[in-house]
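Subject: Structure handover

Hello,

Here is the structure I said I would pass on. My notes on what was found in it follow below.

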Amino acid sequence: MDHIKQKIIEIGRPKAETVKKLTKEYGDKVIQEVTVGQVLTGMKGVVSLLTCTSKLDPEEGIRFRGYTIPQLQELLPKMHQDGEPLPEGLFYLMLTGELPTKDDVNFISNQWAQRAMGIPPHVFDVINALPKDAHPMIQFNTAILAMSTESQFRKAYLAGMDKKDYWDPTYEGVMDLIARLPVIASYIYRRVFHNENYIEMDPSLDWAGNLAHMMGYEDVEVKRLMRLYMLIHADHEGGNVSAHATHLVGSALSNPYYSFSAGMNGLAGPLHGMANQNVMHWINKMLRDIGDENPSEEQIRQYAETTLSQGQVIPGYGHAVLRKTDPRFTVQLEFAKKYIPDAPLIQLVEKIYNVVPEILSSTGKVKNPWPNVDAISGSLLSSYGITEYPIYTVLFGVSRALGVLTQLIWDRLYGLPIERPKSQNLAWYMSKVNYQE
Ligand code: NMX
Ligand code: MLT
């Protein structure tokens with residue numbers, strides 16, 4: 001057994017005991033009241049999940065196991081001192097709760113490079129059977145499901161396994177899956193956008209660097225951007241659609257592939273991960289409609305108001321939890337200012353940032369008028385030549401695997417049962433508040 005699995009046992013077993021005792025001894029303790037409004041607006045603020053990998057503060061943004069993104073940029077091991085942290089280190093942190101050494105990160109990099117080689121040929125056959133113009137998220141998710149033939153969990157479960165060991169084949173599946181996602185994502189990218197001109201992986205490279213390499217980008221800055229992108233999209237506590245869907249499906253003891261696939265179906269929604277592609281459509285339509293590559297703030301204001309008047313959302317703005325500018329937006333803007341300060345798309349993103357929050361606030365209903373992670377990620381990728389917008393949500397998904405699949409391992413360590421909230425019909429809610437039609 002390798003040292004990471006050893007560590008998981010050391011940390012996980014006492015925590016599982018704590019969960020058991022909390023359930024048994026404090027199971028009846030009331031922690032919160034739930035309002036009708038919360039139920040009818042997507043369960044916002046209802047505390048009902050156990051997730052330790054990261055926590056989202058509405059004012060501050062995300063902390064991964066207590067660390068902000070700027071702190072991770074300081075503390076996690078890097079490929080180059082002046083570069084971005086390796087996402088392998090964030091995976092280790094989310095999994096164990098401890099900061100990794102460079103050796104830990106190298107160990108994970110090597111594991112993922114080895115495991116990436118093992119994708120069975122039928123997975124590529126399945127992708128190739130889809131039309132090339134099928135959205136990359138359809139291709140990505142189909143490949144994830146096709147890989148589930150490899151599930152160690154299923155085999156171990158059928159062979160008979162003690163509940164307390166569920167985490168082990170889950171961990172093996174998660175490691176295989178994360179290792180293989182960059183190969184799948186870049187295969188789809190090269191299939192759809194680069195004439196099936198595939199690029200072999202370079203086992204000497206790190207996980208995110210390899211993704212850039214296999215997509216066809218050798219530039220050092222693109223590799224740095226990819227490491228940053230993979231870092232910041234990895235996790236957003238447990239209640240976002242992709243994390244919650246992965247957890248829910250996983251609670252039926254569905255294997256990591258089925259569970260992650262559920263999460264990716266959610267990520268493909270325009271209110272979640274697909275917003276990064278839609279931001280670029282919104283920007284391009286604005287430039288076309290205005291007929292100027294360099295619109296004024298007043299022109300942007302008018303265009304944004306038209307979007308709202310047509311009953312549409314402004315993609316990249318708003319959030320279900322955040323009430324300030326997303327730190328994931330800020331860190332990408334800082335990256336852009338460091339490396340490509342004159343990029344026209346980034347300047348446009350800043351102009352939009354100057355205008356849109358005020359317009360959204362003036363509606364009186366938008367709870368958070370500030371930009372989220374998606375308001376800039378596509379413009380940054382585009383500025384480096386990755387202009388094929390439909391691949392953006394796939395890249396988000398590759399990164400999101402790190403968080404939601406670590407959460408799944410912890411679900412198994414904690415021994416969490418099947419999730420099954422109670423639903424009621426409309427008459428029940430009406431009777432609760434004596435509502436008469
Ligand atoms: N543009 C226009 N209207 C908005 C926006 C926006 N960006 N954000 C919220 N609203 C509206 C929302 O549609 C709702 O309208 P109505 O009452 O008519 O149904 C009202 O404001 C209240 O919504 P909130 O409570 O502020 O937001 P909610 O928690 O329901 O939704 C989002 C959160 C993120 C789904 C929403 O802000 C949105 O649709 N944003 C645009 C899409 C987007 O950028 N999604 C990506 C989120 C991050 N991610 O990667 O997942
Ligand atoms: C995410 O990264 O999952 C999004 O910001 C959505 C969320 O947190 O609800």
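A polar contact here means a pair of N or O atoms within 3.5 Å. By that cut-off, Ile314 makes a contact with ligand 1 through its backbone, where an N or O atom lies 2.9 Å from a nitrogen atom of the ligand. Please keep in mind throughout that this is a predicted model.

Ligand 1

Two side chains also make polar contacts with ligand 1. A polar side-chain atom of Lys365 is 2.7 Å from an oxygen atom of the ligand, and an N or O atom in the side chain of Asn372 is 3.0 Å from an oxygen atom of ligand 1. On its own ligand 1 exposes 890 Å², and the protein buries 75% of that area.

The surroundings of ligand 1 comprise 21 residues, of which His272, Gly316, Tyr317, Lys365 and Asp374 come nearest. By residue type, this shell has twelve nonpolar, five polar and four charged members.

Ligand 2

Which residues surround ligand 2? They are His236, Asn240, His272, His319, Arg328, Phe396 and Arg400. His272 is thus listed around ligand 2 and is also among the residues that come nearest to ligand 1. The shell of ligand 2 divides into one nonpolar, four polar and two charged residues.

Three side chains of this shell make polar contacts with oxygen atoms of ligand 2. For His319, a polar side-chain atom lies 2.7 Å from an oxygen atom of the ligand. For Arg328, the corresponding distance to an oxygen atom of ligand 2 is 2.8 Å. An N or O atom in the side chain of Arg400 is 2.7 Å from an oxygen atom of ligand 2. Taken alone, ligand 2 has 260 Å² of accessible area, and the protein covers 85% of it.

Salt bridges

Side chains of opposite charge can pair when their charged atoms come close. How many salt bridges does the structure hold? There are 19.

One of them joins Glu196 to Lys132, with the closest N and O atoms 2.6 Å apart. Glu196 sits in the loop between helix H9 (167-193) and helix H10 (207-215), and Lys132 in the loop between helix H6 (121-129) and helix H7 (136-146), so this pair ties together parts that are 64 residues apart in sequence. Glu196 is partly exposed, at 41% relative accessible area, and Lys132 is partly exposed at 33%.

Another pairs Lys223 with Glu218, the closest N and O atoms being 2.9 Å apart. Are these two residues buried or exposed? Lys223 has a relative accessible area of 10% and is buried, whereas Glu218 has 46% and is partly exposed.

A further salt bridge is found between the side chains of Arg301 and Glu298, at 3.2 Å from N to O. Both residues belong to helix H15 (residues 297-309), where they are three residues apart, about one turn of the helix. Arg301 is partly exposed at 22% relative accessibility, and Glu298 is partly exposed at 41%.

Salt bridges also link Lys5, Arg115, Asp168, Glu172, Asp176 and Arg180 in a network.

Backbone angles in the loop between H9 and H10

Most residues other than glycine have a negative phi. Asn195 has a positive phi, near 55°, and Glu196 has a positive phi of about 60°. Asn195 is placed in the loop between H9 and H10, as is Glu196. Asn195 is exposed, with a relative accessible area of 68%. Glu196, which also takes part in the salt bridge with Lys132, is partly exposed.

Surface and other points

Val34, Val36, Val39, Leu40, Val433 and Tyr435 make a nonpolar surface patch of about 530 Å². Of these residues, Val433 is found in the segment after helix H20 (426-432).

Ala129 lies in helix H6 and is exposed, at 65% relative accessible area. The C-alpha atoms of Ala129 and Phe107 are separated by 36 Å, while the two residues are 22 residues apart along the chain.

Regards

Definitions and conventions
Residues are numbered from 1 along each chain as its sequence is written. Chains are lettered from A and ligands numbered from 1 in the order in which they are written. This is a predicted model: local features need pLDDT of at least 70, side-chain atom pairs count only at pLDDT 80 or more; totals for chains, interfaces and linings use all residues. Side-chain values use heavy atoms; hydrogens and water are left out. A residue is near a molecule or strand if one of its heavy atoms lies within 4 Å of it. A polar contact is a pair of N or O atoms within 3.5 Å; within protein, one must be able to donate a hydrogen and the other to accept it, and residues adjacent in sequence count only if both atoms are side-chain atoms. Accessible areas come from the Shrake-Rupley method with a 1.4 Å probe; for residues, only the protein chains shown count as cover. Ala, Val, Leu, Ile, Met, Phe, Trp, Tyr, Cys and Pro count as nonpolar, Asp, Glu, Lys and Arg as charged, and the others, Gly among them, as polar. Patches are made of residues with over 30% relative accessible area and no salt bridge: like charges are joined within 9 Å, nonpolar side chains (Val, Leu, Ile, Met, Phe, Trp, Tyr) within 5 Å. A salt bridge is a side-chain nitrogen of Lys or Arg within 4 Å of a carboxyl oxygen of Asp or Glu. Helices (H or I, at least four residues) and strands (E, at least two) are DSSP runs, numbered from the N terminus. Buried means under 20% relative accessible area, exposed over 50%, partly exposed in between (1.4 Å probe, protein chains only).
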